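Student: Please take a close look at the largest pocket and describe what lines it, together with the salt bridges of the structure.

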Amino acid sequence: PLGDGRQSAILMLHAGTTLPGLNGFVQAAGGYRARIDGFADTDPVQNDVLASADMGFWFGNSLMLAGSYRGRIESSDADLPITEHLAGPRITYRVDDFLDVFAGSMHTFSAENALHQNQYLVGFATKRTQLDRLKGFLGSKRRP
């Protein structure tokens, strides 16, 4: 087994749109995850409702400021159902059409039966796309 050793089946619906007047984009997703602890009939199945949202705005040709939300609500048949909502900022510098450098954080702003989380990320992303820069995090430097 890899990770926490569980198998997952996830179904998500994604939607997004450009905000040309604001030089940005907004995207959201919602879905469902079933996680199986094992293969015995007595092993519990954990069901989660998942949600995410992102909004980003371009300042100049290469700098994007964004905000992200991630949520998880465990099914009510759990002994202690977990509800957690994280949000935080992200800054991206688009070096060229193939390379982004980014940094950000996510923090718990609401939770039930879950620990408070402070997550920090720094990284880079390489990509090859025909999308313009208002098409989400994976766009290029090309203007719409």
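Tutor: The account below turns from the pocket to the salt bridges.

This is a predicted model, in which local features need pLDDT of at least 70 and side-chain atom pairs count only at pLDDT 80 or more, while totals for chains, interfaces and linings use all residues. Residues are numbered from 1 along each chain as its sequence is written, and side-chain values use heavy atoms, with hydrogens and water left out.

The largest pocket has a volume of about 220 Å³. A pocket here is an open set of points on a 1 Å grid over the protein atoms alone, where a 1.4 Å probe fits, with protein on both sides within 12 Å along at least five of seven lines; lining residues have an atom within 4 Å of a point. The volume is the space filled by probe spheres set on the points, which are joined across faces, edges and corners. The lining comprises 15 residues, and the closest to the pocket centre are Ser68, Arg70, Leu86, Met106 and Gln119.

At least two lining residues come from each of strands E4 (63-74), E5 (83-96), E6 (99-112) and E7 (118-126); strands are DSSP runs of at least two residues, numbered from the N terminus. E5 gives the most, with 5 residues. By class, the lining has 4 nonpolar, 7 polar and 4 charged residues, where Ala, Val, Leu, Ile, Met, Phe, Trp, Tyr, Cys and Pro count as nonpolar, Asp, Glu, Lys and Arg as charged, and the others, Gly among them, as polar.

The structure holds 7 salt bridges, each a side-chain nitrogen of Lys or Arg within 4 Å of a carboxyl oxygen of Asp or Glu. One of them pairs Arg70 with Asp54, with the closest N and O atoms 3.3 Å apart. Asp54 lies in strand E3 (residues 45-59) and Arg70 in strand E4, so this pair ties together parts that are 16 residues apart in sequence. Arg70 is partly exposed, at 34% relative accessible area, whereas Asp54 is buried at 7%; buried means under 20%, exposed over 50%, and partly exposed in between (1.4 Å probe, protein chains only).

Arg72 forms a salt bridge with Glu84, the closest N and O atoms being 3.1 Å apart. Since Arg72 belongs to E4 and Glu84 to E5, the pair ties together parts that are 12 residues apart in sequence. Arg72 is buried at 14%, and Glu84 is buried at 11%.

Methods:
Helices (H or I, at least four residues) and strands (E, at least two) are DSSP runs, numbered from the N terminus.
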